[in-house]
Amino acid sequence: VIVRSQDQDGLVAKGEAQKGRMGPPTIALSLNPEGAYSVGISLGHRDTDVVLLNFVGQVKYQTTIANPNPTQASNQSQLVATVKEALAALPDSDSSRLTGIGLAIPEDVHELALGPQGQAERNEALGSEIEAAVGLEVYVHNDISAAAAGESMFGAAKSLDDYLFFYLGARLHHRLVMNHQIFQSPNQASNPTGLLELEERIQAQGFSSDDLWDRSATWPDFGPSRAEWIADCIQEVTQSVTQASQFLPVNTVIVSSYAPSEICEEIASGLAKQVEGIEALPGGLSASPKAIGAASLPFSSKFTVS
């Protein structure tokens, strides 16, 4: 009865009948990619990412808009226009399948300090403003937890129940995921070993750091700064895993970032060499894991059992 209802709603797709077994032919079922869509927004300290996902996590629209300088006016109108542009990427026949908008907002005090005063309050109000402007329900969540949720639904952690999640952004963050539940302590602190620290090292050696913040760029040779920074990241992640292992079994680690995939691969490989028995995997979401994670929020709310 449940499957028939989902089929009628267009959420699942039937494969060909498989014969040759005992009993009647079996029919494979899978999620219908066009069964539902959602928009994800990630607010960073420099840029804001907007994506449109289908039901299986394929990105159908993606763009990045620059945040205004602290002395400039808000870019709310540009953000709303961009969200409407993402919604317009759907054919009219699929517009009824939009499930909502996910908004990933930073809560780390160090990263909030990079923006203008009152940024936290501004972010909190943004969800209601977007909801009123486009007429879709907005789901607001912490940005790092949203990225972890995205990895669980669409990325490298899709088959995992428990893992330790690390996100490498302006700073280094982590979350514990147990039985698909993401845990975040109110006093959880980020680590300064992030892209901002790498930027400082690169600039100190006379290199340009512009490519660090370009989602589509391949990093050039940053000299010894890069290798030293990777080593420090591995050390910090290893220390966190070791500390967590004193209280609960940690078997799998996911390292995610919007930095080039080889960065996460290097950190994951280095961690696996440092800690015996750990499976360390790079994240499976490219370009903007936090925005994709934000887009997973409406799906989680409407189609999963908590």
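**Exercise 1.** At what angle do helix α5 (residues 143–154) and helix α9 (residues 289–303) pack, and how far apart are their axes? Keep in mind that this is a predicted model.

*Solution.* Start with the geometry: α5 and α9 pack at an angle of about 70°, and their axes are 7 Å apart. Angles of 65 to 115 degrees count as roughly perpendicular, so α5 and α9 are roughly perpendicular to each other. Next, look at who touches whom. On the α5 side, the contact includes Ile-144, Ala-147, Gly-150 and Met-153; on the α9 side, Ile-292, Gly-293, Ser-296 and Phe-299 are among them. Finally, sort the contact residues by type: 10 are nonpolar, four polar and two charged.

**Exercise 2.** Work out whether strand β11 (residues 252–257) is largely enclosed or not.

*Solution.* Side chains in a regular strand alternate between the two faces of the sheet. So check each face in turn. One side of β11 carries Thr-252, Ile-254 and Ser-256, all buried. The other carries Val-253, Val-255 and Ser-257, and these are buried too. That's six of six residues buried, so β11 is largely enclosed by the rest of the structure.

**Exercise 3.** Find the strands that pair with β11 and say in which sense they run.

*Solution.* Take β8 (residues 163–168): it pairs with β11 in the parallel sense over five bridges, and Leu-164 sits opposite Val-253 of β11. Then take β12 (residues 279–282), which is joined to β11 by four bridges and runs parallel to it. Here Val-255 has Pro-282 as its bridge partner. To finish, add helix α8 (residues 261–274): β11, α8 and β12 form a right-handed β-α-β unit.

Technical notes: Residues are numbered from 1 along each chain as its sequence is written. This is a predicted model: local features need pLDDT of at least 70, side-chain atom pairs count only at pLDDT 80 or more; totals for chains, interfaces and linings use all residues. Side-chain values use heavy atoms; hydrogens and water are left out. Buried means under 20% relative accessible area, exposed over 50%, partly exposed in between (1.4 Å probe, protein chains only). Helices (H or I, at least four residues) and strands (E, at least two) are DSSP runs, numbered from the N terminus. Two strands pair if DSSP finds at least two bridges between them. A crossover is right-handed if, with the strands pointing away from the viewer, the path from the first strand over the helix to the second runs clockwise. Axes are lines fitted to C-alpha atoms, for helices over the stretch in contact, and angles run from 0 to 180 degrees between N-to-C directions. Angles under 35 degrees count as roughly parallel, over 145 as roughly antiparallel, 65 to 115 as roughly perpendicular and the rest as oblique. Contact means heavy atoms within 4.5 Å. Ala, Val, Leu, Ile, Met, Phe, Trp, Tyr, Cys and Pro count as nonpolar, Asp, Glu, Lys and Arg as charged, and the others, Gly among them, as polar.
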